[in-house]
Amino acid sequence: MNNINAYLKLCRFDHITKHLFVVPGILFAIILVPESEFHFYKIIFGFLSTFFIASANYIINEFLDRKYDKYHPIKKNRELVNTKLKKENVIIFYFIVLLLGLIIGSQINKYFFYTLIIFILSGVIYNVKPFRFKNYIYLDVLTESFNNPIRLFLGWFMITESLISLPPISIILFYWFTGAFLMSTKRLAEIRFFNKFSNKKNLINYRPNYKYYNENNLLICTVVYLMLTSFNIAVFLLKYREELVLLYPFITLIFCWYFYLTLKPSKSSISPEKLYLNKYLIIFLIISLIIFLILLKVDMEIIKWLVNKTITIN
């Protein structure tokens with residue numbers, strides 16, 4: 001029984017909150033694609049297959065990181081660092097979870113299935129040599145955050161299987177740069193965490209790219225990604241419905257609050273899946289969703305006039 005629990009822990013059930021990024025893909029498809037069809041079984045199957053593929057990525061991540069995680073004050077307690085699981089069994093378990101995800105995902109549509117394949121490849125490129133992009137400064141953040149638009153497309157293809165209508169490029173980039181913002185703040189939090197609870201040598205042994213990362217360049221990266229995120233969501237809000245611009249201050253508040261949380265050198269600040277459960281962050285998200293739904297239905301001529309008003313110079 002202990003061995004079974006050890007393998008199940010590799011799936012990281014506590015990371016399930018990351019799959020919330022699939023939900024907006026579903027909502028956008030329903031709103032933006034008039035001919036879309038909502039089938040409850042596709043949503044259930046879609047989330048199940050997404051969970052299995054993400055778990056497969058976590059399994060290979062923990063297996064390949066086991067020699068490095070021992071230098072991390074928290075990750076040194078992971079299953080593969082302390083438990084002697086046979087390499088062959090871990091690989092077999094990885095492929096079983098992978099196949100389960102692909103078999104379930106194939107029941108939805110071919111584009112959802114293709115997106116799952118991209119999700120798998122993303123995990124391989126990020127973790128497996130000779131690629132192992134997680135060891136390269138800046139490239140690690142951009143690669144890992146690419147999982148965000150992948151989740152957007154997974155949600156999208158749960159609702160529609162047409163390539164004629166795809167998510168707006170502004171939303172795709174918003175998703176990608178949001179992920180980059182989250183990952184860069186995580187790295188900034190890890191540096192601050194190691195400075196308080198460990199040391200720089202262990203940090204570099206844990207992840208070689210920290211030879212080149214420091215608080216200054218990570219702060220700059222975080223601001224850059226935040227500006228790109230802000231730009232793309234503003235483009236989407238203004239392009240698709242002028243009233244949605246009133247949502248912008250609430251989105252700003254969510255990102256600023258998240259940033260504030262990551263700057264505190266605590267265990268939760270280096271685990272985004274824990275920060276997502278922060279009660280104030282959840283309240284902000286719920287309020288923003290309610291306002292979003294209201295603004296979709298309520299016309300405000302004054303907002304339309306202000307947004308579309310141009311300045312003429314004689």
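**Reading pocket, core, helix and loop**

Author: Arginine 132 is buried, with a relative accessible area of 5%. The model is predicted. Let us start with this residue.

Reader: Where does arginine 132 sit in the fold?

Author: In the loop between α6 and α7. Its backbone stands out too. Arginine 132 is not a glycine, yet its phi is positive, about 40 degrees.

Reader: Which residue other than glycine has a phi near 70 degrees?

Author: Tyrosine 138. It also belongs to the loop between α6 and α7.

Reader: Is tyrosine 138 buried, partly exposed or exposed?

Author: Buried means under 20% relative accessible area, and exposed means over 50%. Tyrosine 138 has 35% relative accessibility, so it counts as partly exposed.

Reader: What is the peptide bond from lysine 129 to proline 130, cis or trans?

Author: Read omega. It is near 10 degrees here, and the bond is cis. Proline 130 lies in the loop between α6 (110-127) and α7 (139-145).

Reader: Now the empty space. How much lies in the largest pocket?

Author: Rolling a probe the size of a water molecule over the atoms shows where empty space is left. In this model the largest pocket holds about 1,000 Å³. It is lined by 31 residues, and Leu20, Phe21, Pro24, Ile254 and Leu285 are the closest to its centre. Two or more lining residues come from each of α2 (23-32), α9 (169-197), α11 (215-240), α12 (248-262) and α14 (279-297).

Reader: Which element gives the most to that lining?

Author: α14, with 7 residues.

Reader: What is the lining of the largest pocket by class?

Author: Count 27 nonpolar residues, 4 polar and no charged ones.

Reader: On to the packing. Which residues touch the most other members of the largest nonpolar core?

Author: Ile59 and Ile171, in a core of 76 residues. Helix α9 supplies the largest share of this core, 13 residues.

Reader: What does isoleucine 171 touch?

Author: Leave out residues up to four places away in sequence. Isoleucine 171 then touches Phe28, Leu152, Ile233 and Phe236.

Reader: How do I read a single helix, say α5?

Author: Check the span. Helix α5 covers residues 87-105, 19 in number, and reaches 27 Å from its first C-alpha to its last. That is close to the 27 Å expected at 1.5 Å a residue.

Reader: Which residues of α5 are buried?

Author: An α-helix has 3.6 residues a turn, so residues three or four places apart point the same way. In α5, the buried residues include Val90, Phe93, Tyr94, Val97, Leu98 and Gly101. Leu102, Ile104 and Gly105 are buried as well.

Notes: Residues numbered from 1 in each chain as written. Predicted model: local features only at pLDDT ≥ 70, side-chain atom pairs only at ≥ 80, totals over all residues. Heavy atoms only, no water. 1 Å grid on protein atoms, 1.4 Å probe; cavity = no way out; pocket = protein on both sides within 12 Å on 5 of 7 lines; lining within 4 Å. Points joined across faces, edges and corners; volume = space filled by probe spheres on them. Helix = DSSP H or I, 4+ residues; strand = E, 2+ residues; numbered from the N terminus. Nonpolar A, V, L, I, M, F, W, Y, C, P; charged D, E, K, R; others polar. Core = buried A, V, L, I, M, F, W, Y, C linked by side-chain atoms within 4.5 Å. Buried < 20%, exposed > 50% of the residue type's maximum accessible area, 1.4 Å probe, protein only. Contact = heavy atoms within 4.5 Å. Expected span 1.5 Å × (residues − 1).
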